[in-house]
Amino acid sequence: MKLFTIENKNGIKAFNTNYGGRVVKLFVSDENRNVVKLLTYSLIAILLLFSCVSQKSEQTQTDYTKYVDPFIGAAEFGHCFPGACVPFGLIQVGSETGNSGWAYCGGYQSTDSTINGFTQTRLNGTGCPDLGDLLMLPFSGEMNSEYKSAINKKTEQASPGFYAVQLTDFGINAEMTATPHVALHRYKFNKGDAKLYIDFQSAQCGSETQMKTHVKDAMVNFENETTISGYSQTHVWLERTYYYVIEFNKPIIKRELLENLDDKEKAPRYVLDFDLKPGEELMIKVALSSTGIEGAKTNLAKEKSDWDFESTVNVAKDSWNKYLGKVEIEGDDDKKTMFYTSMYRLFIQPNNIADNGDSPFYSTLSLWDTYRAAHPLYTIVSPEKVDGFVNSMLRQFDDQGYLPIWALWGKETHCMIGNHAVPVIVDAYLKGFNSFDAERAYQAIKTTLTTDMPKSKWDVYDKYGYYPFDIIKEESVSRTLESAYDDYCAAQMAKALGKEDDYEFFTKRSTYYKNLFDPETKLMRGKDSNGKWRTPFHSFELSHASTSGGDYTEGNAWQYTWHVQHDVDGLIDLMGSKEYFTTKLDSLFTMAESQDGSGFVMDVTGLIGQYAHGNEPSHHVAYLYALAGKPYRTQELLNEIVKTKYVNEINGLCGNDDCGQMSAWYIFTNLGFYPVNPCGGEYVLGAPQLEKATINLPNGKTFTVEAVNFSADNIYVDSVTLNGEPYTKKYITHEDILNGGELKFQMSHFHN
């Protein structure tokens, strides 16, 4: 704070108080000077008081980012990346250690000791590669023929909104941070001789062959000595075009166009030279857009007009704390690290691909995964985003004629099965979200579930009441079961809108799962168009559409039999009794942990018997005991899964994080409940895996979950109260949570 005076030509003095960047100004003549001095000193005292209160408030605010470890899941199956990004942002900038094949879907494996450079976009924990745009590698002196650098792993740092590492081959300290549409790089050249390799051809690809052919068109324009702009049209997982502008804080003094490695390549590689002395820094801003070069320039101008690296890191950190602080937990640092890292993974996507200032257009919608828990969790911890998610799905419907299945950059990959935008939209509607046109949304749902498209053949489905394996050659059982769930969701929205005929139509369809239940094996089994069961039947054999075919999607009969999220009572009836149902479940969890069959089976991981926590169709299964009269088995299994499948280590995830779904399961389970049926707002009670958690609701209320006497030994729920009253229901509702209050579990060493 500073007090100073300025006198103008009329003898009028302006007393200025500079506080927090704001100037408080009082104009006064000489005869009133004493009065003004008194007022000014009083003002100073008041401002100092507010300053102390404000500083105290800032000091006591929890920094949740210190508990986030972006390296967890950045090894083996997790496919996570330790780069810099902001919640729901388009940019994910960081090291690329590999760019070809399944292991590098996220562009990074922690065991690698070299990097290809730094890219601006990534996918978080997926099973297919794409993105990895605009590879850059700073260097000094002579570059090796591979254009790579060793890195000092001890210097590698990552936290929400920040990434840093030292390039040991060239003595360069590299740091990165991000805004929603802009990556900011800072390279300190300890040896001087500053050069930059930029590879416009590179991306995350499925193979080395695809790396040569995925760019369909490209343009690179050196606008001046500090600015490059252009675009690339690529086709890896899907065809898309990204636009960019690259800005340097130092002029390019020389550029060299490198020869293409293959005549099929359409994009160039350059080496740029800059005039830097030892210890000086090269800074780079990379702005992206999905609409055009002008969009990229607009994003750059609105989000990062300066070169202030530290302030950008701080803004990113503040944006992360806003979302991480939606839930406050009690527990040791290890528990907080796993919990808040999961919260971090949850909010990386969906990514807003619209330009700054435009209506949001959210994509990276891994709906086969995220409809199960991530999207229901968004309705609790980030409800302000939900209407935008729905409107983005409807926008994609307008573009392609059906709702998204697995959306990336606003387009369809046709990956996975089912039409799981449907449960997300219906769940939002039933929970009272209304900033979208409900009638338009319903018509999009109805059209999607009645118009043929890849992996949805409704005439066959309606004729037989299931997908026969001799007509639908791949995933016939899984497609039937997942379509039946979507039909159930459509029926609920039809009912809410008073569409009785549609309600009856979709309700009938929702029972089609029963047509593939084999009463002899008590498993879901393939059936042909003549009504004959698949023979021979290998119930443990894993299916994978792209490599081994089969009747299931990344799973087998034992894993998919339980995929009846909307009608557990109906499945129990098919089994014959609750006792048989739970005995069959026991078999699932106690069988040999084997991966049987040929083809790609790496997605079926995190095994407990034949239960596969590393893949999403199993995620609700442990909770089925609670609905079948044996909640203690749910409680035992949840404790085991949390302790063994989510570990505070770099390889601590048992499967792909799948755009936050694995993380959402962990968050819900730690809170003590889970959406077995993720449509309509009922959460089945499990058992909290931490002492206390408080959800900060947007209406100013809080919902607290407490596990009294919880410990490593006390994992069973003895009793439950809601707002001090005994609570005996098997589930808690979305409305109960939004009303605020306290859900208290009395934990015990013994089960009931």
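**Group meeting talk: a loop, a helix, cores and pockets**

Let's start with one residue. F600 sits in the loop between α16 (578–590) and β26 (607–608). Before going on, please remember that this is a predicted model.

Is F600 buried or exposed? Neither label fits. F600 is partly exposed, because its relative accessible area is 24%, and buried would need under 20%. What does F600 touch beyond its sequence neighbours? Setting aside residues up to four places away in sequence, it touches W102, H544 and T547. Look at S543 as well. S543 and F600 are 57 residues apart along the chain. Their C-alpha atoms are separated by 8.5 Å.

Next, a helix. α15 runs over residues 568–575. Its buried residues are V568, G570, L571, I572 and M575. What covers them? The cover includes two strands, β24 (517–518) and β25 (523–524). It also includes two helices, α16 and α17 (624–627). After α15 comes G576. The phi of G576 is positive, near 115°.

Now the nonpolar cores. The largest one holds 208 residues. Which of them touch the most other members? They are Y187, F248 and F673. Helix α12, residues 476–496, gives this core its largest share, ten residues.

Take F248 from that list. Leave aside neighbours within four places in sequence. F248 is then in contact with L196, I198, T226, I228, L272, F274, L282, M283, I284 and W307. There is also a second, separate core. It has six residues, including F162, A164, M283 and F309. Notice M283: it is in contact with F248, yet it belongs to that second core.

On to cysteines. How many disulfides does the structure hold? Zero. Let me take two cysteines and go through the reasons. For C80, the closest cysteine sulfur is in C659. The distance is 9.6 Å, so the two are too far apart for a bond. A disulfide needs the sulfurs within 2.5 Å. C80 is also buried, with a relative accessible area of 0%. For C205, the closest cysteine sulfur is in C105. That distance is 11 Å, so again it is too far for a bond. C205 counts as buried too, at 1% relative accessibility.

Last topic: pockets. The largest pocket has about 600 Å³ of space. Its lining has 32 residues. Which lie nearest the centre? G127, C128, C415, H544 and E554 do. You have met H544 already, as a residue that F600 touches. By class, this lining divides into eleven nonpolar, twelve polar and nine charged residues.

The second largest pocket has about 520 Å³ of space. Its lining has 20 residues, and N99, E146, D199, E208 and L261 are the closest to its centre. Six of the lining residues are nonpolar, six are polar and eight are charged. Where does the lining come from? β12 (194–199) and α2 (208–213) each supply at least two residues. The largest share is from α2, with three residues.

So, a quick recap. F600 is partly exposed. The helix α15 has buried residues covered by parts that include α16 and α17. The largest nonpolar core has 208 residues. There are zero disulfides. The largest pocket has about 600 Å³ of space. Thank you.

Methods: Residues numbered from 1 in each chain as written. Predicted model: local features only at pLDDT ≥ 70, side-chain atom pairs only at ≥ 80, totals over all residues. Heavy atoms only, no water. 1 Å grid on protein atoms, 1.4 Å probe; cavity = no way out; pocket = protein on both sides within 12 Å on 5 of 7 lines; lining within 4 Å. Points joined across faces, edges and corners; volume = space filled by probe spheres on them. Nonpolar A, V, L, I, M, F, W, Y, C, P; charged D, E, K, R; others polar. Helix = DSSP H or I, 4+ residues; strand = E, 2+ residues; numbered from the N terminus. Core = buried A, V, L, I, M, F, W, Y, C linked by side-chain atoms within 4.5 Å. Buried < 20%, exposed > 50% of the residue type's maximum accessible area, 1.4 Å probe, protein only. Contact = heavy atoms within 4.5 Å.
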